[in-house]
Amino acid sequence: MAKKITLADIASILEKYDVVELEDVKIKGDVEIELGTSAGVAIPPSLIHALQSAIGVQELPEEAKRIGDLVESKFEVAKAEWIGQIEEVTIGATSADGGTRDKPVTIGGEKSLPFYNFDCQMPYPPVISVDCFDMPIPLAKAVRGYYADVMEDPGEWAKKNVREFGADMVTIHLISTDPTIKDTSAREAAKTVEEVLQAVKVPIVIGGSGNPDKDPAVLEAAAEVAEGERCLIASANLNMDYERIAKATMDHGHVILSWTQLDINAQKTLNRYLFKLGVPREDIVIDPTTAALGYGLDYAFTNIERMRIAALKGDADLAFPISCGITNAWGAREAWMKDSPIREDSDWGPSAYRGPLYEIVTGLTLGIAGGDMFMMMHPKAADAVKRVTQMLFGADVEGDKAKKVEMKDWVTWDVGGLTK
Amino acid sequence: MKLSSPMEIWEYLPGTNCEECGEKTCLAFASLLKERQKKLEECKPLFEPEYAEKSKKLAELLAPEVREVEIGVGARASKIGGEDIMYRHELTFFNRTALAYDVWDTMEEEELRERVRKITNWRKFYVGESLRLDAIAIRSVSGDAKAFAGCVKHVAEETDLPLVLCSFDAKVMEEGLNEVSDRNPLIYAADETNWKEILEIVTRYNVPVTLFSPDLDMLNSLASTFSSAGVEDIVLDPGTYPTGEGLADTFSRFVRLRRAGIVDENKSVAYPLMSVPMTAWMVHGDEDALDASYWETILATIGTVKYADMMILHSIEPHSLIPERTLIANIYTDPRRPVSVDPGLREVGTPTEQSPLFLTSNFALTYYTVESDLSSNKVDSYLVVVDTDGLGVEAAVAGGQLTAETIKDALESYEVENKVKHKTIVLPGLAARLSGETEDATGWNVLVGPRDSGRIPGWMDDNWPPKTVS
Ligand code: SF4
C-alpha cells in the first residue's frame, strides 16, 4: 500500500518550499487525498481548492463511474398525530341566535399545526379584523391616507373597512376612554359601539383603551349595549378586574379575549381563572401578545408556537383560538421612519413600501406559529395576509393568478424592462 | 444528534476532569456538547491516539441530523443546514437561512458590477450587530456558455460573497464553474434530466450541489444517487410555487422533507433545503414590480419560518431586504439567551440638566423600545439602564434584579447626580411598587411613569416638570 498523503501534508510541503504556484504538476499513482479537516489541522478551503486545481482533474471515484441509473427510492414520511384539539369559537350572532350580524365567523377547531393539511385539514382559515378607533389617532403616513376621511366617525370608518377593504370583522378600539387621553365616559363609549354595530353587519371586536382601571367599566357598558351580538370583548388581563369583564361577557352573550404578555404560565393561569368564573370554553379566545418584526417577534412567535403545540399535545388550558394584534407591527421604526437613524445603514428607501411589509411579515409569521385571527390596519397588508393564508389553508383565492409557471423557469427568466 | 443525554456523551469522554476544555468536569462539558454550545475539538485529550475510536464514534453520534454544507470560501463563506430540531424552542436553530440575490448573464457589465457591489455591501443595524446578505446567484439567461463564464468572472472579481451558479445546462455550468473552481460555489442544479453530467462535474470539482425536483420520490432518488456516488455536500430544492394551491403544496413539501430528515431520520433527505421566492416574479412580475416584490417577501417569510436553509431572491430594494433579513435574525436568535445591552447612562436627544431622567432594564428589547419611544417622540432625556441580567422590568422586579438597591447602585456608579439638577427619577410603571423603597434608599424624588413607554409623551404633559421641584 502506498503512503497516505493528506492535503495538509502537501500544504506544509508547499509552505516549506515557499511555493506560491504550481505548474505542470501531476500526482499519479496510488495517492489518496483526504479532503476536509483532520483533527487539529485546519486547511483553508481556498488552499484545498487551489491545490486541487493545481493537481489537475481528479479521477472519478469508482462508485460514480458505476452509476448509470438513478437509485430507485420512494419518499415517505410519517404523519404527526396529536391528541388535542383547539376549541371552536364563533364570533357574531345572526338574528336566529339573538343578534343582528349577517355572517358570523368561526375560528379554531384545529387538530394539527396551522396549514399542516397533510396531517389533518385545518377546519377554518384565519380571519382578519380591521381596526377602527373612536377618535382620530396619529397614524403612519402609509396608513393615514386610507382613513383620513373617516377618522372623525367610527361608524363610517367601520363601514369603509368592510366595504372597501374586505374586512371579515371590525375592531372598534375605545381608546378615548383612557383617562390620560380624553377620559370619555363608559356611557359615551357604549354609544360608539352601538353606532358601529349599526354601521356594519360583520361581527365586531370591542377593544378598551388598555387602561386596567378604566377598561372594566367601559367594556361592561359596551357588552351591555351589544347584548346578544356575540362580540369579542378585548380584553381581560391579570392586572385588572377581569372578573367584572368576564361577568359582563357572560351576562350579555359575548366572547372574551384573554390577554397575557408573552408568558405561557400567565396565560394558563388567567384561562383557569376564567373557567372558574364559569366562562364556557367556546367563549374564549386568547391573545398571547404580538411583538413587531425586529422588536420581539421572536418571542411572540415562539410563545404562540409553544402554546399551540402544548394545546395539541393535550394541554386544555391553552387549547383556544389565538388572536394577534398585528397592528403592533407599526411600532417598528422601520415601518414608518423616513430614513435610518443609523448612519452606517444602507439606504432604507421609501417608508411607504416598508410599512405594509412589516405588517405582512409579522402577521404571516404568527399565522404560521398558530394565529387564527389578525387585527390589522393597512388595507394592502390585510389583503395580502388574507390571500396568502387562504392559499395555505387550501381555499380558492379570488383573483389568484391563473398563469401557470414552471417552477424552474426563473433560472432563465429575462428581467427585461423591469430591472431596476 | 443521536444522543439524548449528557450521560451518554460522557461515556465517550476521557473522564479525567482535566479542565482543558474550560469546564470543571467531563460531565459539564458533555451537557454543553448536548446543547451544542461547545465543540468536540475543545476536549483536546480526546484526540490522543488512545481515544481514537471513541472520538470518531462520538463525532458521528454528535453530528446534526441535517447535514451542514459550506458554500464559498474565506470570511464570508456560509454554512447552511446543520439543524437538529423542528421547533426553535426545543433548542435553537443553528445556521441562519442564507440569502442569495440574483444577477444574470445578459446584464450590461457596469450594471452587473453595480448590482453585485450593492448586494455585497448592504448592511442594516439590528440589536447591536450589522445584518448582511449572504450570497450571489448567477443565472444563465442567454444559454451561452461563454457569456455565462464571462458574467461569473466579473461577479467573482467584484465580490468575496459565496456564489450560486444557476443553469440546468451542464456545458454552461462547467464553463462558469471553471472560472471560480477555487471559490467553492454552489451548483444549481441537477435534476431528472441532467443529473449524470452534473454528478460528473461536481465530483470532479468537489463543489456542493443543489438537486431539484418537486416530485419527492425523484428528489429522494437523486439524493440517494449522489450520496452513493460519494457526494455529500447536497442541497435539496423541492420547488417553490408562488401562488394558490401550488404554494400550499410547496409548504407541505418543505415541512415533510424536514420532518423526514429530523424526526424519521431518513438520511437520504437530511440535507439543507433551498427555496426560491424569486418565482413570485414569474407570476406577478410582468404586471407590477411592487406587487411582485411583496409576494417575493411573503414567500421568503414562509421559507424562513418553515425550513428553508437558503433562498434565492430577486428584489434588492430596501423594502424587500430589510424585512427579509430582519425576520431571519429573529427566527435564528438563540431563544435560550436573554438578549441584553450594556447597563449605563444614556442620553436621548440633547438633554439639559432640567430634562427628565427615566430608568429601564438592560433587556435589549425593552431598552431599544424605550429608547426609540423617547427619541421618536423627541423627548430629550437621560435614561438609566440598570443591569437586570437582561430581564425585562416586570420580571426583574419579581425576580429581585431590579430593586431599590440596584437602582441606588446604578445612580451612583453612573454619576447621575452630575447630570440633572432636579434630583428626580421616573420609574417605569411596571416598577411602581419600588417607589417608596427607592426614595428611602436613594434620597431622590421618585415619580412613577406609565406602564408602557409609548405613553411617556402623554404622561409628560401632566407630570413634567415635577411639581415638588420648582
Ligand atoms: S478536556 Fe476533555 S477530558 Fe478534560 S475535562 Fe474537558 S471533557 Fe474532560
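Q: In which sense do strand S3 and strand S10 of chain A pair, and over how many bridges?
A: In this predicted model, strand S3 (residues 127-133) of chain A runs parallel to strand S10 (residues 373-376) of chain A, and four bridges connect the two. One of these positions can be followed by residue: A:Val130 has A:Met376 in S10(A) as its bridge partner.

Q: What is the order of the strands in the open sheet of chain A?
A: The order is S8-S7-S6-S5-S4-S3-S10-S9 (chain A), which makes an open sheet of eight strands with parallel pairing. At its edges are strand S8 (284-287) and strand S9 (323-325) of chain A, each of which pairs on one side only. On average, neighbouring strands of this sheet are turned by 25° against each other, direction ignored. Helix H9 (residues 264-277) of chain A packs on the sheet, where it touches strand S6 (232-236), strand S7 (255-259) and S8 of chain A. The direction of H9 makes about 150° with that of S7(A).

Q: Is the peptide bond from A:Ala234 to A:Ser235 cis or trans?
A: The bond from A:Ala234 to A:Ser235 is cis, with omega near 5°. A:Ser235 belongs to strand S6 of chain A. Chain B offers another case: B:Trp464 and B:Pro465 are joined by a cis peptide bond with omega of about 0°, and B:Pro465 is placed in the segment after helix H17 (456-463) of chain B.

Q: How should the strand order of the open sheet in chain B be read, and what is that order?
A: Eight strands form this open sheet in the order S10-S9-S8-S7-S6-S3-S12-S11 (chain B), with parallel pairing. Strand S10 (234-237) and strand S11 (274-275) of chain B have a single partner strand each, so one side of each is left without a neighbour in the sheet. At one of these edges, S11(B) pairs with S12(B) in the parallel sense over two bridges; B:Met274 has B:Met310 in S12(B) as its bridge partner. Helix H8 (residues 216-228) of chain B lies across strand S8 (186-190), strand S9 (209-212) and S10 of chain B, and runs at about 150° to S9(B).

Q: Why is strand S3 of chain B described as largely enclosed by the rest of the structure?
A: The general idea is that side chains alternate between the two faces of the sheet in a regular strand. In the present case, seven of the seven residues of strand S3 (residues 98-104) of chain B are buried, so the strand is largely enclosed by the rest of the structure. On one side the buried residues are B:Ala98, B:Ala100, B:Asp102 and B:Trp104, and on the other they are B:Leu99, B:Tyr101 and B:Val103.

Q: Over how many bridges does S3(B) pair with S12(B), and over how many with strand S6 of chain B?
A: S3(B) and S12(B) share four bridges in the parallel sense, and B:Tyr101 is the bridge partner of B:Leu313 in S12(B). With strand S6 (residues 135-139) of chain B, S3(B) pairs in the parallel sense over five bridges; here B:Asp102 has B:Ala137 as its bridge partner.

Q: Which residues of helix H2 of chain B are buried?
A: An α-helix has 3.6 residues a turn, so residues three or four places apart point the same way. In helix H2 (residues 26-34) of chain B, the buried residues are B:Cys26, B:Phe29, B:Ala30, B:Leu32 and B:Leu33. Viewed down the axis of H2(B), they fall within an arc of 165°, so they line one face of the helix. Their cover includes helix H1 (6-10) and helix H3 (52-62) of chain B. After H2(B) comes B:Arg36, which has a positive phi near 60°.

Q: Which residues are around the ligand?
A: Among them are B:Cys18, B:Cys21, B:Cys26, B:Phe29 and B:Cys43. By class, the shell around the ligand divides into seven nonpolar, two polar and two charged residues.

Q: What is the phi of A:Thr289, and is the residue buried or exposed?
A: A:Thr289 is not a glycine, yet its phi is positive, at about 90°. This residue is found in the loop between S8 and helix H10 (297-312) of chain A. Because a residue under 20% relative accessible area is taken as buried, A:Thr289 counts as buried at 14%. B:Tyr307, likewise not a glycine, has a positive phi of about 80° and lies in the loop between helix H11 (289-305) and strand S12 (310-313) of chain B. B:Tyr307 is buried, with a relative accessible area of 4%.

Key
Residues are numbered from 1 along each chain as its sequence is written. Chains are lettered from A and ligands numbered from 1 in the order in which they are written. This is a predicted model: local features need pLDDT of at least 70, side-chain atom pairs count only at pLDDT 80 or more; totals for chains, interfaces and linings use all residues. Side-chain values use heavy atoms; hydrogens and water are left out. Two strands pair if DSSP finds at least two bridges between them. Axes are lines fitted to C-alpha atoms, for helices over the stretch in contact, and angles run from 0 to 180 degrees between N-to-C directions. Contact means heavy atoms within 4.5 Å. Buried means under 20% relative accessible area, exposed over 50%, partly exposed in between (1.4 Å probe, protein chains only). The arc is that of the directions from the helix axis to the C-beta atoms. A residue is near a molecule or strand if one of its heavy atoms lies within 4 Å of it. Ala, Val, Leu, Ile, Met, Phe, Trp, Tyr, Cys and Pro count as nonpolar, Asp, Glu, Lys and Arg as charged, and the others, Gly among them, as polar.
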